[in-house]
Each structure stands twice: as C-alpha cells, then as structure tokens.
Amino acid sequence: MSAHQTTAPLVQVKPRAPAVRVAWTLEQVAALYDLPFNELMFQAQETHRQYFPEGDVELATLLSIKTGGCPEDCGYCPQAARYHTDVKATKLLDLEEVLEAAKAAKAAGSNRFCMGAAWREPKDRDVEKVVEMIKGVKALGLETCATLGMLEPSQAKSLKDAGLDFYNHNLDTSEDFYPNVIQTRNYQDRLDTLQHVRDVGMSVCCGGIVGMGESREQRVSFIARLANLEPYPESVPINHLVPVAGTPLESQAKLDPLEFVRTIAVARITMPRARVRLSAGRQELGKAIQAMCFQAGANSIFYGDQLLTTGNPEAEADRQLLTELGLKTKESCKTEVRV
Ligand code: SAM
Ligand code: DTB
Ligand code: SF4
C-alpha cells in the first residue's frame, strides 16, 4: 500500500444534525457529547457556518436593575437573601440610571441591553416601571432583553407591548437535577413562564449553568430539553458556574474545561440557528478555552466589566480578544436569524 492510500476512516462521521427538524433523543445528544473532540468541534463549526456569517459575535450588556434580597433559594445565586454573600440588596434603579447605562453600552458597541432583577416574580407595579425602561432603551436603538423571574400572561403582554424583544428565563439544568439546586420552585414553573413569553410572540432567551455537580447524563438531558422546546430558544446563554462564597455551591469542584467546550458544541449542533452565548464564568475560562468555545459555535458574549453581581472580562480585553481571533461584532440586530 502506498503512503497515500488510506484504510477505513478512524472515525465514523456520525451523528449529524438532521436536515429536517426532529426531536432530539437523549441517545443522539449523548452520542454528540461522546464524539472524539476534534470531530465534535468540526461538526459544530460546520453547523455554525451554515447558519451564521463567519466570525460574527453579538455583544450583550447586562445591567442589574434590582440587586439582591431575592426570596428564592437557587444554590448558585449570590442574590438569594437567605445566603450570606457580599451582595448588598438595592431597590429598583431609576429610569434615568438605566438609560445612562444603556447609552454607555451602546457607545461601547453593544447590540443588546439586558436588564436583570432579583425577583421571584415582579409585581404589576414593578412591571409598569420596567415598561418605561424598555421603551427608553428601545428608543436608543438597542435590542432589549429582561430577566425578572416568573411572569403571569398579562405581564408578558405588557412587556411585549412596551417593545421587549427577548425574555431571559433559564431552565438552568436537567429536570432531575433541578431539585438538588432549587427547591422554592419547580421545572414546570419555568416552562409555564416560557410558554407565556412565547404566547405573546416574544423571543426566548433560555439556557442554564454547567458545572454545578450535575453528571454528563444530566447535561445531555438539559441540552436535549432546550433543543426540543418548540421552537427552541433564539438565544441560549451557557453559564459556567461562578462559585460565590456564602452560596451552597461555593466549594463545588471545577468542571473539566473541555466538558464546557463540548457543551457549547452540542448546543450549537442541536440548536443551529440560536445565538449561543458564553455567559457567566468567562473570566475564569481564560483566552484559550474561550477561543475553543468560539470555534465550537458560541457567537454571543456578555460585554462589560460586570455581569449582575460577579465580574466579567474588561471590555478592552474582550475587544482585544475578538481582534486577536479575527472575530467581528454583529453590526445590527436586523440580521438576527429567526428560528
Ligand atoms: N431572578 C431571575 C431568574 O432567576 O430568572 C433573573 C436573574 S438570574 C441571576 C439569571 C441567571 O443567572 C440564572 O438563571 C443563572 O443561570 C445565572 N446565574 C446566577 N448566578 C450564577 C452563578 N453564580 N454562576 C453562573 N450563573 C449564574
Ligand atoms: C444568564 O443566563 N446569565 C446572565 C443573564 N442570564 C441574566 C446572568 C449571569 C449572572 C452571573 C452571576 C452574577 O453576576 O450575579
Ligand atoms: Fe433569585 Fe434569580 Fe438568584 Fe434565583 S437566580 S435567587 S430567582 S435572583
């Protein structure tokens, strides 16, 4: 046999994203995770290039409009009142403060402005105030997103009517692991709010956290659940747990970073048109792992020195990273690909 002749390929190039949308089985998603690393990265990059212009990254800026004092018990969250963290509870910001932050985000090059509040659910009078914020941020020409906890259908309608583009509400993990982390609400509560958001025609931003001590099987189940939502979310934030002192997960063993990259790749393949957002924990991932995440199909980041209460890479460092990797920022939300 000459040096150029090859034997059978070492790796069967399977499974691939189906051409027609079908429900993902747990076996199919597990098989993606199990692919040799380079094969998984190749398939994820191939899928990515089918649906998005090369190198386009969306920049989303977060603002905590109401911090801390939350009655929920989410085991990862520094804003839960019951845990003793360094977070100081504040009341809802004034409209002017929010608009100043939004103007700064726009000037720094952000595409999307996301307002987060540490509520289990907003009161109607809170929604009225957030409505004014949404109108003001929209008027600046930014895409708007809010994450305010559980919503009633009428509240979802008010937010939609104000011009809210996206509502962020995470499933966070698999249904069977959920009670290990959160007991003050259940998975169905989350699904109900997501349905209310869909019913009024808003786009959905829904993802979760990896590295909370869940098993590979549970990560598979979480991604399959997101991918099988009908339709799947337009935005999928994948957070890496930031273990915050004072929370139950403060001493959680660190996830293998390549498992995080695999999760991004599997999210990309199973939700090909979604913006997959590298979210919390980016500072700790470092440059090389972030670069792999972009290769795996991540095409959105939170941009700005602060998330809600935890740190994020400096905006300048992110600009340098994007330049170094030859990535570009998404110019306009008008090019958003819809599911
Ligand atoms: N209260 C609202 C809710 O729970 O939907 C909105 C805010 S909550 C902070 C938004 C998301 O932030 C959570 O669903 C979780 O995925 C993420 N998050 C919170 N704390 C985190 C941490 N320590 N590490 C990683 N992600 C975190
Ligand atoms: C999401 O999935 N991640 C963002 C956004 N949605 C609101 C929040 C991350 C918060 C990380 C912990 C903190 O900064 O408090
Ligand atoms: Fe409250 Fe949201 Fe934090 Fe849970 S994640 S404690 S609901 S702010």
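Ligand 3 is surrounded by C70, E72, C74, Y76, C77, A80, A118 and R185. A residue counts as near a molecule if one of its heavy atoms lies within 4 Å of it. By class, the shell of ligand 3 holds six nonpolar residues, no polar ones and two charged ones. Here Ala, Val, Leu, Ile, Met, Phe, Trp, Tyr, Cys and Pro count as nonpolar; Asp, Glu, Lys and Arg count as charged; the others, Gly among them, count as polar.

This is a predicted model, in which local features need pLDDT of at least 70, side-chain atom pairs count only at pLDDT 80 or more, and totals for chains, interfaces and linings use all residues. Residues are numbered from 1 along each chain as its sequence is written, chains are lettered from A and ligands numbered from 1 in the order in which they are written, and side-chain values use heavy atoms, with hydrogens and water left out.

**The cavity**

Ligand 3 sits in the largest cavity. Ligand 2 sits in the largest cavity. The space taken by ligand 1 is the largest cavity as well. A cavity is defined on a 1 Å grid over the protein atoms alone, as a set of points where a 1.4 Å probe fits but cannot get out. A molecule sits in it if more than half of its atoms lie within 2 Å of its grid points.

**Ligand 1**

Ligand 1 is surrounded by 16 residues, and the closest are Y76, T147, D172, R190 and V242. Y76 also belongs to the surroundings of ligand 3. The shell around ligand 1 divides into nine nonpolar, five polar and two charged residues.

Polar contacts are pairs of N or O atoms within 3.5 Å; within protein, one must be able to donate a hydrogen and the other to accept it, and residues adjacent in sequence count only if both atoms are side-chain atoms. The table lists such contacts for ligands 1 and 2.

| Residue atom | Ligand atom | Distance |
|---|---|---|
| Y76, backbone N or O | ligand 1, nitrogen | 3.0 Å |
| W119, backbone N or O | ligand 1, nitrogen | 3.3 Å |
| V242, polar backbone atom | ligand 1, nitrogen | 2.9 Å |
| N168, polar side-chain atom | ligand 2, nitrogen | 3.1 Å |
| T309, polar side-chain atom | ligand 2, oxygen | 2.6 Å |
| T310, side-chain N or O | ligand 2, oxygen | 2.7 Å |

V242 offers a polar backbone atom 2.9 Å from a nitrogen atom of ligand 1. On its own, ligand 1 has 560 Å² of accessible area, and the protein covers 91% of this. Accessible areas come from the Shrake-Rupley method with a 1.4 Å probe; for residues, only the protein chains shown count as cover.

D172 is one of the closest residues to ligand 1. D172 is placed in the loop between β4 (166-168) and α6 (178-181). Helices (H or I, at least four residues) and strands (E, at least two) are DSSP runs, numbered from the N terminus. D172 has a phi near 70°, a positive value in a residue other than glycine. Most residues other than glycine have a negative phi, and most peptide bonds are trans. With a relative accessible area of 4%, D172 is buried. Buried means under 20% relative accessible area, exposed over 50%, and partly exposed in between (1.4 Å probe, protein chains only).

**Ligand 2**

Around ligand 2 there are 13 residues; the closest are N170, N239, L308, T309 and T310. This shell divides into seven nonpolar, six polar and no charged residues. T310 has a side-chain N or O atom 2.7 Å from an oxygen atom of ligand 2. The protein covers 88% of the 400 Å² of accessible area that ligand 2 has on its own.

T310 lies in the loop between β9 (300-302) and α11 (315-325). T310 is buried, at a relative accessible area of 16%. T310 and V242 are 68 residues apart in sequence, yet 8.0 Å apart in space, C-alpha to C-alpha.

**Other sites**

A cis peptide bond joins E230 and P231, with omega about -5°. P231 is found in the loop between α8 (216-227) and β7 (235-240).

R216 is in helix α8. R216 is partly exposed, with a relative accessible area of 27%. R216 and Y167 are 49 residues apart in sequence and 28 Å apart in space, C-alpha to C-alpha. K157 is found in helix α5 (residues 153-162). K157 counts as partly exposed, at 41% relative accessibility. The C-alpha atoms of K157 and R216 are separated by 37 Å, and the two residues are 59 apart along the chain.

Terms used. On a 1 Å grid over the protein atoms alone, a cavity is a set of points where a 1.4 Å probe fits but cannot get out, and a pocket is an open set with protein on both sides within 12 Å along at least five of seven lines; lining residues have an atom within 4 Å of a point.
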